[in-house]
Amino acid sequence: MTTRDRDYQLMMSALADVARRRDEELENAEQAYQTSSAQAAGELARAENDAIAADRWAGAAAAQVLDVDREAARLWDGLRRARGMRVRTLGEMPEPAAIETLPRVALESSPDAGGPAPAPRQSARTLLARTAERIDVTVRPAARRPVPRWVLPLLPVLGALIAGACGLVAAGLVTFGGSGIPGGAVLRGLGWLAFLMAPSAGVPVAAAIAHRRLNARLDVGGIGLTLLGGMLAATLLSVTFAGTR
């Protein structure tokens, strides 16, 4: 083999090696292109899904904001009609605070956000519902039920006890005022005034107990029974006190 033939073989081997490397590089480039295209398509699909979810969340948030604004306006009008409220003092419903002035923790993020979940706090609907209950109680107090039937026999006893205590205090004032001390006339006057108030002294006590303990109201019949017991006790004390004078 001549030197020219050897050089020709070396050149052909080098050319074949270059062609093989070229084919490998082209195959790697094609594979990388396919992989990158698939990743890009997946990222694009996920981005489109995130955009659709964000649009839905924004639409739901906007609808909720409108509902909250309408409910807040309704509650504000109800508050202006509440007893003891002056319309001029209360004024018109204030505008909501600008979002730029709110702290970051007050801004509600979407459920798909990657950040840390915000601390659990009460929703606007819960707060408005609680406010509506308080305004309804103020504007339209709930009608309380009458006292239970088993309480009715106890009302004359309660009226008699309160009237008896008030009568004893009145007797003490009258007796103490008649001992010739300075201001005795005032004490005697207070004592006789207490005697006059003794029969009905149990009514406010019975009404307070029915309101706070039983969540009920003292109707006309309950007032009459309480007065009956108070009048009997006051009469008995008056007769006893008059017999000792």
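**Close-up views of a predicted model**

**View 1. Surroundings of T226 in helix α7.** In this predicted model, T226 is found in helix α7, which comprises residues 220–244. With a relative accessibility of 1%, T226 counts as buried, because buried residues are those under 20%. A polar atom of the T226 side chain lies 2.8 Å from the backbone oxygen of G222. When neighbours within four places in sequence are left aside, the residues in contact with T226 are L155, G159, P199, G202, V203 and A206.

**View 2. The largest nonpolar core.** Nine residues make up the largest nonpolar core, namely V147, V151, L155, V203, A206, A210, L214, A216 and L218. Helix α6, spanning residues 202–212, gives the most to this core, contributing three residues. L214, which belongs to this core, is in contact with R145, P148, W150, V151 and I209, again leaving aside its neighbours within four places in sequence. A second core, separate from this one, has six residues, among them V174, A194, F195 and F241.

**View 3. Helix α4 and its buried residues.** Helix α4 covers residues 154–177, and its 24 residues reach 34 Å from the first C-alpha to the last, close to the 34 Å expected at 1.5 Å a residue. The buried residues of α4 are L155, G159, A163, G164, G167, A170, A171, V174 and G177. In an α-helix, residues three or four places apart point the same way, because there are 3.6 residues a turn. Of these buried residues of α4, L155 is one of the members of the largest nonpolar core, whereas V174 is included in the second, separate core; L155 and G159 are also among the residues in contact with T226.

Key. Residues are numbered from 1 along each chain as its sequence is written. This is a predicted model: local features need pLDDT of at least 70, side-chain atom pairs count only at pLDDT 80 or more; totals for chains, interfaces and linings use all residues. Side-chain values use heavy atoms; hydrogens and water are left out. Helices (H or I, at least four residues) and strands (E, at least two) are DSSP runs, numbered from the N terminus. Buried means under 20% relative accessible area, exposed over 50%, partly exposed in between (1.4 Å probe, protein chains only). A polar contact is a pair of N or O atoms within 3.5 Å; within protein, one must be able to donate a hydrogen and the other to accept it, and residues adjacent in sequence count only if both atoms are side-chain atoms. Contact means heavy atoms within 4.5 Å. A nonpolar core is a set of buried Ala, Val, Leu, Ile, Met, Phe, Trp, Tyr and Cys residues joined through side-chain atoms within 4.5 Å. The expected span of a helix is 1.5 Å times one less than its number of residues.
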